[in-house]
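Colleague: I'd like to learn how to read a model like this one. Could you walk me through it?

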Amino acid sequence: MATVATPMKKLINDPASVVKESLAGLAAAHGDLVSYDPEAQILVRATTADKVGLISGGGSGHEPMHGGFVGPGMLDAACPGEVFTSPVPEQMLAATKAVDSGKGVVHIVKNYTGDVMNFKLAAEDAEDEGIQVESVLIDDDVAVQDSLYTAGRRGVGATVLAEKIAGAAAERGDDLAAVAGIARRVNERARSYGVAVSSCIPPAAGAPIFDLPDGEMEVGIGIHGEPGRERRPLGSASEIAELMLEAVLSDLEPAEGASVLPFVNGMGGTPQLELYLLYGEIERRLRERGLRPERRLVGSYITSLEMAGASLTLLQLDDELTALWDAPVHTPALHWGA
Amino acid sequence: MRTTTIHAWMTTIAESVKDRRDYLTQLDAAIGDGDHGVNMDRGFDAVGKALAAQDGSLPPGKLLTIAGKTLVSTVGGASGPLWGTAFRRAGRALGDREELDGQDLVVALRAALDGVVELGAAQPGDKTMVDALGPAIDALESALAAGEPLQAALAAATAAAESGARATVPLQARKGRASYLGERSIGHQDPGATSAALVMAALQRAVEQES
């Protein structure tokens with residue numbers, strides 16, 4: 001990976017201030033929904049509510065996750081780290097305090113070593129200050145085996161679904177244990193798999209993380225631009241859909257005729273034209289297998305900067321999860337019913 | 001070794017990670033997400049500023065504690081909590097003593113390593129910072145036990161850390177982001193072990209400068 005001498009083709013100023021400047025812009029664009037505290041380095045919902053709090057956080061570079069999900073019906077606060085870097089405990093402690101109305105706070109934690117460590121330190125600090133915290137681990141990625149020999153399965157697309165569904169549960173007045181339980185249920189009933197056709201360029205690195213020649217794709221990717229499980233010859237959308245479904249269904253093993261929510265997510269650099277094409281391939285194959293796609297989400301919601309590629313998250317629905325998915329939400333990135 | 005030595009150690013680490021920032025980034029790009037260099041640079045830069053604000057009246061252990069806390073607040077990722085814990089444990093082990101000898105250093109570094117292993121659960125061979133720190137501390141302890149002066153013992157420790165970092169090349173990662181790559185992590189030097197070797201080399205140079 002060469003050191004870059006020429007400026008990156010990015011709409012930025014100084015690479016070192018990308019995150020702060022972007023957060024300020026987000027808050028300016030959606031001031032009715034979210035406010036940015038640059039001292040605490042957190043985004044907090046503009047209108048508070050007397051309910052269980054719900055926060056998440058992680059490295060930046062995955063927008064709209066998590067800041068774009070702050071608002072009624074979803075997150076109460078988001079803690080953005082540097083690009084692809086877990087935020088620090090002070091951020092999560094500040095966010096927890098900001099959203100606590102005495103009913104406790106749920107932390108949605110994606111299963112990455114750094115996220116888990118920093119959130120754990122923050123949860124201990126919050127408990128020391130008398131705030132009850134329930135931490136929910138998201139580990140839906142099927143590409144990595146959960147074993148003694150890995151850092152465990154990554155938290156990917158199910159994070160978005162858990163934040164929406166648990167957000168609705170908190171909004172309707174569920175208590176701390178119930179909100180956490182619903183988030184965990186989403187995690188248990190969802191599986192994901194991703195494919196990349198290009199790498200991405202973190203501003204601080206200045207060059208693509210890996211080289212992906214023409215005619216090749218990375219399969220079994222995460223969301224931090226790291227190489228995937230394998231490199232293969234580039235497949236068609238049809239082949240990629242088949243690959244994704246095979247990976248996800250063989251692990252999830254949904255019941256015959258199960259109601260499902262397919263979430264086709266763009267990694268950031270793939271146009272909507274292609275995402276919908278891929279979605280069509282996925283939905284057709286779900287129906288062929290006797291499954292019932294009764295809700296869906298298509299778009300770039302949990303990204304890896306400008307990486308071209310897509311991930312599939314499949315959630316096996318039940319009546320309650322479906323109702324919570326349908327509940328109103330008003331955030332910069334997701335908005336319905338409100 | 002005194003407070004001034006610890007201060008020099010931290011300053012030298014900061015210079016070192018700034019100087020090798022791109023190299024650490026490259027290593028992390030091969031088997032991770034390319035942020036290790038910039039994260040360590042940011043953290044030790046902040047440590048430098050935090051220590052510069054001190055008036056020199058604190059004992060060495062307290063300086064290490066400040067360094068550890070600063071790293072947790074600024075580095076992020078897994079490196080923040082891991083290095084933060086390492087320095088905090090080292091600081092705690094030194095208590096209030098003002099002068100440190102080789103034995104004190106071994107005790108402090110062992111406490112640091114124990115903290116890292118407790119938090120991250122890495123074992124030797126998992127392709128992590130432990131693969132550089134473990135051999136370094138063993139080498140330091142052996143050299144001192146054999147009657148070597150501190151300077152020579154630290155040279156042996158640094159050599160062991162650097163050799164340990166290079167030895168991560170053929171390993172398959174079992175911890176951290178590199179573990180997602182499975183066999184593809186083989187053939188690349190671990191960035192965490194590499195920066196750990198820089199930390200040991202910085203300690204050697206700081207003690208050298210003092211004498």
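Modeller: Sure, let's start with one bridge: Ala78(A) in β4(A) is the bridge partner of Leu43(A). Before we go on, this is a predicted model, where local features need pLDDT of at least 70, side-chain atom pairs count only at pLDDT 80 or more, and totals for chains, interfaces and linings use all residues. Residues are numbered from 1 along each chain as its sequence is written, while chains are lettered from A and ligands numbered from 1 in the order in which they are written.

Colleague: Which strands pair with β4(A), and in what sense?

Modeller: Strands here are DSSP runs (E, at least two residues), as helices are (H or I, at least four), numbered from the N terminus. Two strands pair if DSSP finds at least two bridges between them. Strand β2 (residues 42-45) of chain A pairs with β4(A) in the antiparallel sense over 2 bridges. Strand β3 (residues 53-60) of chain A runs parallel to β4(A), joined by 5 bridges. In that pairing, take Gly57(A), whose bridge partner in β4(A) is Cys79(A).

Colleague: How many residues of β4(A) are buried?

Modeller: Buried means 20 or more other C-beta atoms within 10 Å of a residue's own, exposed means 12 or fewer, and partly exposed is in between, with C-beta atoms placed from the backbone. In β4 (residues 77-83) of chain A, 7 of 7 residues are buried.

Colleague: Now a helix. Where do the buried residues of α6(B) sit around its axis?

Modeller: For this you look down the axis and take the arc of the directions from the axis to the C-beta atoms. Helix α6 (residues 102-120) of chain B has buried residues including Leu105(B), Leu109(B) and Val116(B). The buried residues of α6(B) fall within an arc of 155 degrees, so they line one face of the helix. On the other side, Gln103(B) and Glu118(B) are exposed. After α6(B) comes Ala121(B), with a positive phi near 60 degrees.

Colleague: And the two chains: how many residues of each are in contact?

Modeller: Contact means C-beta atoms, placed from the backbone, within 7 Å. By that rule, 33 residues of chain A are in contact with 28 residues of chain B. On chain A's side, α3(A) gives the largest share, 5 residues.

Colleague: What classes do the residues on that side of chain A fall into?

Modeller: Ala, Val, Leu, Ile, Met, Phe, Trp, Tyr, Cys and Pro count as nonpolar, Asp, Glu, Lys and Arg as charged, and the others, Gly among them, as polar. The side of chain A that touches chain B has 17 nonpolar, 11 polar and 5 charged residues.
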